[in-house]
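Student: I am new to this structure and would like to learn why its parts get the labels they do. Could you take me through it?

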Amino acid sequence: MIINWIYNIWRFFWIGVFSILMLLTFLMGLVLLLLQFDPVQERIADYAERSFNEQFHGELRIGSVSGTIPASLRLEDITLEYTIRDEQGESVRTDTVVAASSVDLSLDLYESLFGRFTVTSLQIDSPNFLLQKDERDGKLTFQKAFSRQVPREQAENGTIRDERTLPSIDLRTLAISNGSVRTVGLEELTELGDHITLPSDFYAEDITLRMGIEFSEQQQFFNIREFSGRSDDFEFNSFTFRGQLYADDQFLELNRITLQTPASMIRFNLAFEGVNIKEPDISGQMKKASVQL
């Protein structure tokens, strides 16, 4: 009698476990199926835009979203703008700091199952970057577009916190193809010597980039497998750059650097002591730093 009772309890227990697992599997499959429909993906794009625009000073626009969510995601017709306003809040100038034809993200499926949005690779097609200063404070509008907005309650109470903690990034592959960069009025920011500076209006195109990034508050590592481009503003028409950059609170190291042009190629290692890339005025820090070649 007791044996039959234990057997029935054990049997119903496993029936319940398998039923719950089947229900969870069905619900997960249903959610994955719903994520592939256009209306749901449009809601995802709207949510991404609204979430970014509420937290940062830039204004993000996404044309459309597609892909096999949550394994991969494709964003198309992306623009990021920053508007300079006067003291009355009127628009003075609007810079389109980034515009891209498409962005493809590969996601860590295992992490996604636990609600963590982890990007393993990022591919950007035909991006156009604009680096131009806001004349009022000398900061780049590109940088200000990614600066966080002050929460309303902090602004009203006057208790604004300096939240400078940086996110941790472990990106195996960042790829850019057919990109372009325009800089305006950055002569002082890029001046490292009498002959090392950019012209007042600089333009580079056909930019290709392949690199990996490990970025944290304590240290930053950039493995640049290929960075190439073309510009008529240089004496040499095209360039290719490879190397590794390591940085922490005290050091900036450039290791295994290779810079190649149609006429020449140089290789070197370079270390700066007293440079913190998280602080402003990097060129000024580099001028004052101790250098080891």
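Tutor: Gladly! Let's begin with Asp95, which has a relative accessible area of 4% and is buried. This is a predicted model, where local features need pLDDT of at least 70 and side-chain atom pairs count only at pLDDT 80 or more, while totals for chains, interfaces and linings use all residues. Residues are numbered from 1 along each chain as its sequence is written, and side-chain values use heavy atoms, with hydrogens and water left out.

Student: Why is Asp95 called buried?

Tutor: Buried means under 20% relative accessible area, exposed means over 50%, and partly exposed lies in between (1.4 Å probe, protein chains only). Asp95 has 4%, so Asp95 is buried.

Student: What makes Arg93 partly exposed?

Tutor: The relative accessible area of Arg93 is 21%. That value falls between the two cut-offs, so Arg93 is partly exposed.

Student: How do you know that Arg93 forms a salt bridge with Asp95?

Tutor: A salt bridge needs a side-chain nitrogen of Lys or Arg within 4 Å of a carboxyl oxygen of Asp or Glu. In this pair the closest N and O atoms are 2.8 Å apart, so the rule is met. By this rule the count comes to 13 salt bridges.

Student: Which residue forms a salt bridge with Arg230?

Tutor: Glu205 does, with the closest N and O atoms 2.6 Å apart. The pair links distant parts of the chain: Arg230 is in strand β8 and Glu205 in strand β7, 25 residues apart. Here strands (E, at least two residues) and helices (H or I, at least four) are DSSP runs, numbered from the N terminus. Arg230 counts as partly exposed at 25% relative accessibility, and Glu205 is partly exposed with 25% as well.

Student: Why is Ser228 called buried?

Tutor: Ser228, found in strand β8 (residues 220-230), has a relative accessibility of 11%. That is under the buried cut-off, so Ser228 counts as buried. Contact means heavy atoms within 4.5 Å, and Ser228 touches Asp206, Ile207, Thr208, Phe239 and Thr240, not counting residues up to four places away in sequence.

Student: What makes β6 and β7 a pair of strands?

Tutor: Two strands pair if DSSP finds at least two bridges between them. Strand β6 and strand β7 (residues 201-215) have eleven bridges, in the antiparallel sense, so they pair. Within that pairing, Arg182 has Tyr203 in β7 as its bridge partner.

Student: In which sense do β5 and β6 pair?

Tutor: Strand β5 (residues 128-132) and β6 pair in the parallel sense, over five bridges. The bridge partner of Phe129 in β6 is Val181.

Student: How many aromatic pairs are found in the whole structure?

Tutor: A search finds six. Rings of Phe, Tyr and Trp (its six-membered ring) pair if their centres lie within 6.5 Å; planes under 30 degrees apart count as stacked, over 60 as edge-to-face and the rest as tilted.

Student: Why is the pair of Phe52 and Phe56 called stacked?

Tutor: Their centres are 4.7 Å apart, with 25° between the planes. That angle is under the stacked cut-off, so the pair is stacked.

Student: What makes the pair of Phe129 and Phe142 edge-to-face?

Tutor: The angle between their planes is 65°, at 6.5 Å centre to centre. An angle over 60 degrees counts as edge-to-face, so this pair fits. Phe129 lies in strand β5 and Phe142 in helix α4 (residues 141-145), 13 residues apart.
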